[in-house]
Amino acid sequence: MVILGVALAGGVGAVIRWLVSTWFARRAPGGTGTAVVNLVGSIGLGAVVALSHHGHLGPDGTVVVGTGFLGALTTFSTWMVETLEESDGKRAAVWRRTAPLALAGIALVWIGIEIGGGLN
Amino acid sequence: MNADRAAPGLVQTAIAVFLGGSIGALVRYGLGIWIAPTSEVPIATVIANLLGSALLGTLAGLSERRAAGGPGYALLGVGLAGALTTFSTFALEALQLLDRPGPLVAALYAGGSVLAGLRIAAAARQRSRAW
């Protein structure tokens with residue numbers, strides 16, 4: 001059952017990511033849609049970890065939502081390839097597209113954990 | 001919204017993204033179970049992220065000569081490579097490493113993943129351009 005849940009949740013996460021990317025592609029600079037799903041997914045995963053820690057979310061639910069849905073909603077590969085394409089080999093542009101997003105993701109997981117009730 | 005008036009390929013694309021996303025998430029979940037965390041570094045996520053970056057880099061090189069956005073790219077690129085790799089777990093693990101063992105390992109994990117991901121995606125794109 002968990003496997004089925006991960007598969008379904010992963011499919012849904014990927015479709016939502018695709019819809020968000022498509023929406024932003026016509027309205028914002030390249031990479032915006034990917035940054036949005038990645039940051040929103042990071043807050044979500046932080047909250048899931050905290051809710052799971054407090055027993056509000058069972059082990060199966062944690063895997064389905066955290067690994068399946070939020071794992072597939074967010075993406076590392078698209079971030080890498082878009083960075084290559086948008087920075088065109090310029091080192092400063094690569095830094096601008098990677099370091100801030102990585103730090104923001106880490107900070108947002110922490111914020112998500114606090115939203116979800118912390119880990120104490 | 002009237003489904004009849006939607007672009008003909010849109011539903012097909014959504015199904016392709018869904019299927020690819022399901023498979024990608026399952027493979028990543030399986031890697032996490034199969035590769036039990038034996039070391040301090042969460043190696044399963046690293047492997048999933050680098051494999052997916054290689055796949056998407058390959059597709060990026062191929063699609064430069066062909067129109068991107070077909071059902072094949074939706075299945076393998078947006079769906080499979082997109083969902084096999086993950087940013088949220090990457091960020092969570094970096095935060096956990098920051099807590100223990102500390103900032104150095106966290107920086108090595110995050111920086112190493114990104115540098116390796118960029119290198120692998122670039123090399124794969126370069127290689128598939130010649131196909």
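## Two helices of chain B, side by side

Let's start with helix H4 (residues 88–99) and helix H5 (residues 103–129) of chain B: their axes come within 7 Å and cross at roughly 155 degrees. Angles over 145 degrees count as roughly antiparallel, so that is the word for how H4(B) lies relative to H5(B). Keep in mind that this is a predicted model.

Which residues do the touching? On the H4(B) side they are Phe90(B), Glu93(B), Ala94(B), Leu97(B) and Leu98(B). Across from them, H5(B) offers Pro103(B), Val105(B), Ala106(B), Tyr109(B), Ala110(B) and Ser113(B). Sort the residues of this contact by class and you get nine nonpolar, one polar and one charged.

## The rest of chain B

Step back and look at chain B as a whole. It has five helices and zero strands, so reading from the N terminus on, its elements go α-α-α-α-α. Of the 131 residues in chain B, 50% are buried.

How do the contacts spread along the sequence? Take the contacts in chain B with a separation of 6 or more: residues 24 or more positions apart account for 78% of them.

## Chain A, by the numbers

Now for chain A. Here, too, there are five helices and zero strands, and from the N terminus on the elements run α-α-α-α-α. The C-alpha trace spans about 45 × 30 × 20 Å along its principal axes.

Chain A has 120 residues, and buried ones make up 52% of them. Among its contacts between residues at least 6 apart in sequence, 74% join residues at least 24 apart.

## H4 and H5 in chain A

Chain A has its own H4 and H5 to look at. Their axes come within 8 Å and cross at roughly 150 degrees. With the cut-off at 145 degrees, H4(A) therefore comes out as roughly antiparallel to H5(A). The crossing of H4(A) past H5(A) is right-handed.

To find this contact in the structure, look for Trp79(A), Thr83(A), Glu86(A) and Ser87(A) in H4(A). They meet Ala93(A), Val94(A), Arg97(A), Thr98(A) and Leu101(A) in H5(A). By class, the residues in this contact are four nonpolar, three polar and two charged.

## A closer look at H1(A)

How far apart should the ends of H1(A) be? At 1.5 Å a residue, its 24 residues should span 34 Å, and the end C-alpha atoms are indeed 34 Å apart, so the two values agree.

Plenty of names turn up when you ask which residues of H1(A) are buried: among them are Val6(A), Ala9(A), Gly10(A), Gly13(A), Val15(A), Arg17(A) and Trp18(A).

## Where the chains meet

In the contact between the chains, 40 residues of chain A touch 42 residues of chain B. On chain A's side, the elements giving two or more residues are H1 (2–25), H2 (32–53), H3 (59–73), H4 (77–87) and H5 (91–115). H1(A) gives the largest share, twelve residues. By class, this side of chain A has 22 nonpolar, 17 polar and one charged residues.

## One residue to find: His53(A)

Finally, try locating His53(A), which sits in helix H2 of chain A. Is His53(A) buried, exposed or partly exposed? A buried residue needs 20 or more neighbours and an exposed one has 12 or fewer; His53(A) has 16 C-beta neighbours inside 10 Å, so it counts as partly exposed.

You can also check a distance from here. Leu8(A) is 45 residues away from His53(A) along the chain, and the C-alpha atoms of the two are separated by 24 Å.

Notes. Residues numbered from 1 in each chain as written. Chains lettered and ligands numbered in written order. Predicted model: local features only at pLDDT ≥ 70, side-chain atom pairs only at ≥ 80, totals over all residues. Contact = placed C-beta atoms within 7 Å. Helix = DSSP H or I, 4+ residues; strand = E, 2+ residues; numbered from the N terminus. Nonpolar A, V, L, I, M, F, W, Y, C, P; charged D, E, K, R; others polar. Axes fitted to C-alpha atoms, helices over the stretch in contact; angles between N-to-C directions. Parallel < 35°, antiparallel > 145°, perpendicular 65-115°, else oblique. Left-handed = near helix turned anticlockwise from the far one by under 90°. Expected span 1.5 Å × (residues − 1).
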